[in-house]
Amino acid sequence: MDRIKLGNTSIEVSKLCFGSLTMTPFQAGLTVKEGGRLIEYAYDKGINFIDTAEIYENYNYIREALRGIKREDYHIATKTYAYTEEMARNSLELALKELDTDYIDIFLLHEQESIHTVRGHFEAIEYFLKAKQEGKVRAIGISTHRIAGALAAKEVKEIEIIHPIINKHGIGIQDGNIEDMLKIIEEIYRMGKGIYAMKPLGGGHLIKEVESAFNFVRDIPFIHSIAIGMQSKEEVDANINLLNNGFIPDDLKDKLRTKKRKLIVADYCIGCGSCVRRCKQNGIELVNGVATPNERCILCGYCAKVCPEFCIKVI
């Protein structure tokens, strides 16, 4: 698989990035060994880039995989909600310890909304800059679901990499449309910043038009890599075929056809509203006292993290 440098960084990644959220207990529920083997399988197929986050609680899956992977040839991007030096230090120390590694390739501030949130998190950025000087972090960036977040990446020189939502219908972009997002992303690309897209299939909503949806993102010339969730070897193979050929072979389609992701809420939901408050997409609401996903849900599973009764899951 072709590799490309993320902007002006020295980090050379595959054009596919392994989205690791979907293998966790909050979604597919793979065991650590199963997840580790799947990451290794993807690496053997040429995918040397993985996206994770502290909130995903899946560092142990990646640590398992690293036993069979050349660390210097593998690139890990993780994300944190830290906004103080202490919180950033704790996030970095946790990642280094749980991944059993000496450095993190890319540390992102998670779900940045605008220049105001980036400024509010700047103490964390300053800490990561120090960590970069010490060789513990190689690059710093942000993830965002907003055009205003992308604008912040354009304005703040310390941000080297951006991880934005990009899909053909703009599903999940909270403050505009895909045309507006792409305009800013192209400007960021021309500044030499690295860009790897998230949710090319709109969190699963575009599965029925998977080839055209993926090709839309693949054919954007100012995106370096595409992060996409993978839960099985068949999904790894399908995504590689999409990248290389623009289509999924019929035999793989047959194996994947029955897989349709959805968010389920168990019948013991107590209607506390924690999930509603957590969701920045307004993708879940209380209906007759029960948490209920709606058409805005992008199947990220973040709401499951705050459910006190553990009754929410993406399957």
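**A tour from strand β8 to a helix pair**

Begin by selecting I161 in strand β8, whose bridge partner in strand β9 is G194; helices (H or I, at least four residues) and strands (E, at least two) are DSSP runs numbered from the N terminus. The model is predicted, with local features needing pLDDT of at least 70 and side-chain atom pairs counting only at pLDDT 80 or more, while totals for chains, interfaces and linings use all residues. Residues are numbered from 1 along each chain as its sequence is written, and side-chain values use heavy atoms, leaving out hydrogens and water.

Now show β9, residues 194-197, which pairs with β8 in the parallel sense over 2 bridges, where pairing requires that DSSP finds at least two bridges between the strands. Adding helix α7 (residues 178-190) completes a right-handed β-α-β unit with β8 and β9; right-handed means that, with the strands pointing away from the viewer, the path from the first strand over the helix to the second runs clockwise.

Next, select all of β8, residues 161-164, where I161 and H163 on one side and I162 and P164 on the other are all buried, that is, under 20% relative accessible area with a 1.4 Å probe and protein chains only.

On to strand β7, residues 137-144, which pairs with β8 in the parallel sense over 4 bridges, and in which T144 stands opposite P164 of β8. From β7 the chain passes through helix α6 (residues 147-155) to β8 in a right-handed β-α-β crossover.

Finally, select helix α2 (residues 59-66), where Y59, I62, R63 and L66 meet L94, A95, E98 and L99 in helix α3, contact meaning heavy atoms within 4.5 Å.

Conventions. Buried means under 20% relative accessible area, exposed over 50%, partly exposed in between (1.4 Å probe, protein chains only).
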